[in-house]
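Q: Please take a close look at a single part of this model, and describe it in one connected account.

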Amino acid sequence: MWLNNKTSLFLLSGFPDLEKAYHWISIPLLVAYISIILGNTTLLFLIRDDQNLHEPMYYFLAMLAATDLGVTLTTMPTVLGVLWLNHREIGHAACFSQAYFIHTLSIVESGVLLAMAYDRFIAICKPLRYTSILTDTKVVQIGVGVLTRAGLSIMPIIIRLHWFPYCRSHVLSHAFCLHQDVIKLACADITFNRLYPVVVVFAMGLLDFFIILFSYILILRTVMGIASRVERAKALNTCVSHICCILVFYITVVGLTFIHRFGKNIPHVVHITMSYMCFLFPPFMNPVIYSIKTKQIQMSMLRLFSLPSSRASLK
């Protein structure tokens with residue numbers, strides 16, 4: 001019997017067979033969520049408040065922080081609701097909306113990392129034209145382009161979810177809604193919804209990665225042409241934070257993909273844990289990486305948290 005699309009609900013799932021430990025499991029997750037919110041909110045505040053950080057590189061960093069906050073705030077309510085209150089029910093419209101934002105923001109993150117690579121390419125390979133190329137208007141245009149690309153690319157498969165009848169089990173495998181989970185419950189031809197995401201991943205995720213890789217090959221070639229060893233080190237040092245964020249993002253995505261594809265004999269709880277890692281680890285690490293590796297961010301944080309008398313000496 002088909003479930004009524006308008007009135008029926010999906011059931012979210014936490015960690016299978018670990019229901020008695022939910023309150024303990026929720027503690028590290030809550031700490032991670034709070035850390036992500038505090039870290040990325042602090043970055044956004046610093047970039048907005050400190051005139052020294054009003055540069056394209058930090059504007060793109062602000063986009064990355066806002067994206068990480070968006071992913072966190074999208075998944076956090078349902079995850080904690082399941083673990084704390086055993087509130088598993090979610091309506092179709094709310095579920096599809098959550099899936100839309102999760103997948104859109106994942107593509108936005110890839111696009112922002114690409115924009116940051118472009119920023120480093122211009123800064124190192126064309127330093128004299130940096131300010132004329134990456135104007136404030138151009139940064140806004142890039143940001144709007146990244147957001148529009150992600151939003152429009154995900155929309156077709158999410159819209160189709162509203163049309164499908166759902167006659168199988170209405171239990172999802174995560175504490176948040178993902179497109180690949182929902183279509184398993186549909187009793188309809190889901191060929192388009194299976195193939196289209198693959199095209200999107202190849203056309204955007206992999207393309208972004210290879211463009212980033214190519215830009216760093218050009219950056220490395222330019223840096224190797226600098227005569228001074230000190231200047232070479234200084235140029236490369238401006239890229240370290242961005243490279244670390246790229247590795248964190250793509251390693252978690254590739255790791256999750258490999259486990260889902262080849263880890264059929266791996267316990268289901270490992271799959272679930274890797275899903276959480278994919279959504280929590282990059283947002284957690286990005287502020288840490290930039291706080292440790294970027295001197296301007298460090299100085300801005302010192303000015304923010306130091307006493308008024310100390311701030312004057314830091315200026």
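Which element supplies the largest share of the lining of the largest pocket, and how many residues does that share hold?

A: The largest share comes from H7, with 13 residues. The model is predicted, so local features need pLDDT of at least 70 and side-chain atom pairs 80 or more, while totals for chains, interfaces and linings use all residues. Residues are numbered from 1 along each chain as its sequence is written, and side-chain values use heavy atoms, without hydrogens and water.

The largest pocket (an open set of 1 Å grid points where a 1.4 Å probe fits, with protein on both sides within 12 Å along at least five of seven lines; lining atoms within 4 Å of a point) holds about 1800 Å³ of space. Its lining counts 49 residues, and Gln180, Val201, Val253, Leu256 and Thr257 lie closest to the centre. Two or more lining residues come from each of H3, H5, helix H6 (179-182), H7, H8 and H9. These helices are DSSP runs of H or I, at least four residues long.

H9, one of the lining helices, has 26 residues and spans 36 Å between its first and last C-alpha, close to the 38 Å expected at 1.5 Å a residue (times one less than the residue count). At leucine 280, H9 bends by about 30° (between axes fitted to the seven residues ending there and the seven starting there). A proline, proline 282, follows within four residues of that bend.

Helix H7 (191-224), helix H8 (229-262) and helix H9 (268-293) are also among the helices that each supply at least two residues to the largest nonpolar core, but H3 gives the most to this core, with 16 residues.

Terms used: Grid points are joined across faces, edges and corners, and a volume is the space filled by probe spheres set on the points.
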